[in-house]
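I opened this notebook to keep track of what I looked up, one entry at a time. The sequence and structure come first.

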Amino acid sequence: MANPERPRLIIHDFLSLDLCKELEFIHKSCGTVGYRPNVFSTTLSHLIATNCGHLIMPFVPIRERLKEKAEEFFGCEFELFVEFTGLISWSTGASIGWHSDDNRPYLKQRDFAAVCYLNSHGEDFEGGLFHFQDWQPTTIVPMAGDVVMYTADSRNIHSVDEITGGERLTLTLWFSRDGSHDEDAKLISFLSEKQLPRSIHETCSFLPQPASSRMYWFPPDTASTHESGFDICFARIHAHGYDLYSLQDISCFSASDSSNDLSEVLMAPLRLAREHEFFDEEFVNILHVLQAVQFYCWKASELQTSGHEKRINVVPLSPSQREEVNQLKHVFLKDERVPDKLFSIAMGNEHSQQPFNWAHVSAAVTAWEAYSNKLVKEMLLSLPYWKTHQSIFSVPSFDLGK
Ligand SMILES: O=C(O)CCC(=O)C(=O)O
Ligand SMILES: [Fe+2]
């Protein structure tokens with residue numbers, strides 16, 4: 001029950017499991033380094049920076065529902081503003097001690113928090129329980145679809161236990177009463193500055209572009225060296241059992257040589273390999289590969305039954321190609337055990353448990369293009385309304401001419 005001294009709210013099943021899965025897809029195909037050790041995040045501005053502004057669309061109705069709920073529950077007679085929206089994943093070893101969410105001078109504008117759990121304790125991860133320091137409930141067991149809302153001040157001191165296995169995922173929002181911290185205005189101006197396609201018919205409008213400097217992860221204790229860091233996209237692709245085959249001559253790169261800009265290789269065309277063969281279709285860069293792989297994981301069960309008949313071209317790797325594949329892996333993953341531990345999918349119920357089939361990967365690429373195209377179209381139609389109102393909202397389909 002509402003306690004005026006400890007204003008907090010727990011709502012079960014606020015988000016559908018389908019939506020949780022879609023947001024998981026977005027995070028795992030776009031996420032970058034987070035704000036704490038072993039934490040990864042996908043902010044809306046990061047999506048725009050990687051030419052994936054269209055992936056904001058699934059967030060729009062949820063942000064509205066959460067804001068409405070916060071205003072209703074916390075009795076705000078006035079409009080709240082969304083100060084931050086992000087997908088945040090916590091891997092093995094991540095935790096946070098007792099704190100309030102406004103506990104830094106630069107966080108004082110935060111008035112309320114909403115944390116939506118997108119996966120479940122005991123199924124997708126171990127550890128990671130949420131605790132309030134006092135008053136009920138003291139412990140919240142994260143379950144997909146549930147939301148916890150609380151004031152960001154010292155009336156709601158809380159902590160998160162260390163994650164001991166798997167990857168815990170949340171959608172986290174902070175709300176502010178201060179309009180100068182409205183995230184929407186910044187996002188709209190960022191979106192407007194980007195070279196957006198003039199129309200959906202412009203080819204490749206949905207192709208992602210890696211933001212190189214932010215896609216590289218370093219373990220907290222060796223932050224200044226390249227020795228045990230790894231590329232996040234590469235690591236996620238690897239965690240699903242794939243390798244990458246570059247069309248570039250990579251013989252000049254070596255794991256210990258940081259004088260070459262290694263990340264260039266991942267910005268260039270790549271092919272997807274698995275065991276002793278590769279799929280002879282070109283992906284424009286590593287983020288393109290990752291989005292296709294994660295889309296396959298998300299939609300695996302539907303793709304299995306859709307009877308996709310497109311001809312696919314799978315080629316055996318020659319011994320020298322196999323060597324190049326291994327060399328590339330060594331450059332970008334270094335010690336494979338570190339990324340495998342952070343992104344282990346052993347606990348998840350992803351497609352690793354279903355028989356692998358290149359035809360389904362091919363079907364996933366086609367389906368991913370259709371999904372992305374649909375969102376690009378919706379975003380392009382919505383943007384003029386967002387600019388006019390300086391607010392990101394679900395434009396009624398009547399206004400969009402649907
Ligand atoms: O993920 C959670 O349950 C809460 C995270 C948290 O306390 C924070 O990010 O400040
Ligand atoms: Fe917090």
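The entries below cover a metal site, one strand residue and two helix pairs.

**Entry 1: the model**
I noted at the start that this is a predicted model.

**Entry 2: the iron ion**
Which protein atoms are donors of the iron ion (ligand 2)? I found His 99 (NE2), Asp 101 (OD) and His 158 (NE2), lying 2.1 Å from the iron ion. Along the chain, I read the spacing of these donors as H-x1-D-x56-H. The two histidines link distant parts of the chain, being 59 residues apart. I placed His 99 in strand S5 (residues 96–99) and His 158 in strand S11 (residues 158–160). Are His 99 and His 158 buried or exposed? I recorded both as buried.

**Entry 3: Leu 9**
I looked up Leu 9 next and found that residue in strand S1 (residues 8–11). Its relative accessible area is 16%. The cut-off for buried is under 20%, so I entered Leu 9 as buried. Which residues does Leu 9 touch, leaving out those up to four places away in sequence? My list reads Lys 69, Phe 73, Val 147, Val 148 and Met 149. I also checked the separation of Leu 9 from Phe 73: 64 residues in sequence, but 7.9 Å in space, C-alpha to C-alpha.

**Entry 4: H5 and H8**
For the helix pairs I wrote down angle and distance, because two packed helices are described by the angle between their axes and the distance between the axes. Helix H5 (residues 232–239) packs with helix H8 (residues 319–333) at about 125 degrees, and their axes are 9 Å apart. That angle makes H5 oblique to H8. I noted a left-handed crossing for H5 and H8. On the H5 side I listed Phe 234, Ala 235 and His 238, which meet Leu 328, Lys 329, Phe 332 and Leu 333 in H8. Sorted by class, the residues of this contact are five nonpolar, one polar and one charged.

**Entry 5: H4 and H10**
At what angle do helix H4 (residues 183–193) and helix H10 (residues 358–389) pack? I entered about 125 degrees, with the axes 11 Å apart. H4 and H10 are therefore oblique to each other. The crossing of H4 past H10 is left-handed. I found Ile 188, Leu 191 and Ser 192 of H4 in contact with Met 379, Leu 383, Trp 386 and Lys 387 of H10. By class, I noted five nonpolar, one polar and one charged residues in the contact of H4 with H10.

Note on methods
Residues are numbered from 1 along each chain as its sequence is written. Chains are lettered from A and ligands numbered from 1 in the order in which they are written. This is a predicted model: local features need pLDDT of at least 70, side-chain atom pairs count only at pLDDT 80 or more; totals for chains, interfaces and linings use all residues. Side-chain values use heavy atoms; hydrogens and water are left out. Axes are lines fitted to C-alpha atoms, for helices over the stretch in contact, and angles run from 0 to 180 degrees between N-to-C directions. Helices (H or I, at least four residues) and strands (E, at least two) are DSSP runs, numbered from the N terminus. Angles under 35 degrees count as roughly parallel, over 145 as roughly antiparallel, 65 to 115 as roughly perpendicular and the rest as oblique. A crossing is left-handed if the near helix is turned anticlockwise from the far one by less than a right angle, and right-handed if clockwise. Contact means heavy atoms within 4.5 Å. Ala, Val, Leu, Ile, Met, Phe, Trp, Tyr, Cys and Pro count as nonpolar, Asp, Glu, Lys and Arg as charged, and the others, Gly among them, as polar. Donors are N, O and S atoms within 2.8 Å of the metal (3.2 Å for Na, K and Ca); water is not among the atoms, so sites may look incomplete. Buried means under 20% relative accessible area, exposed over 50%, partly exposed in between (1.4 Å probe, protein chains only).
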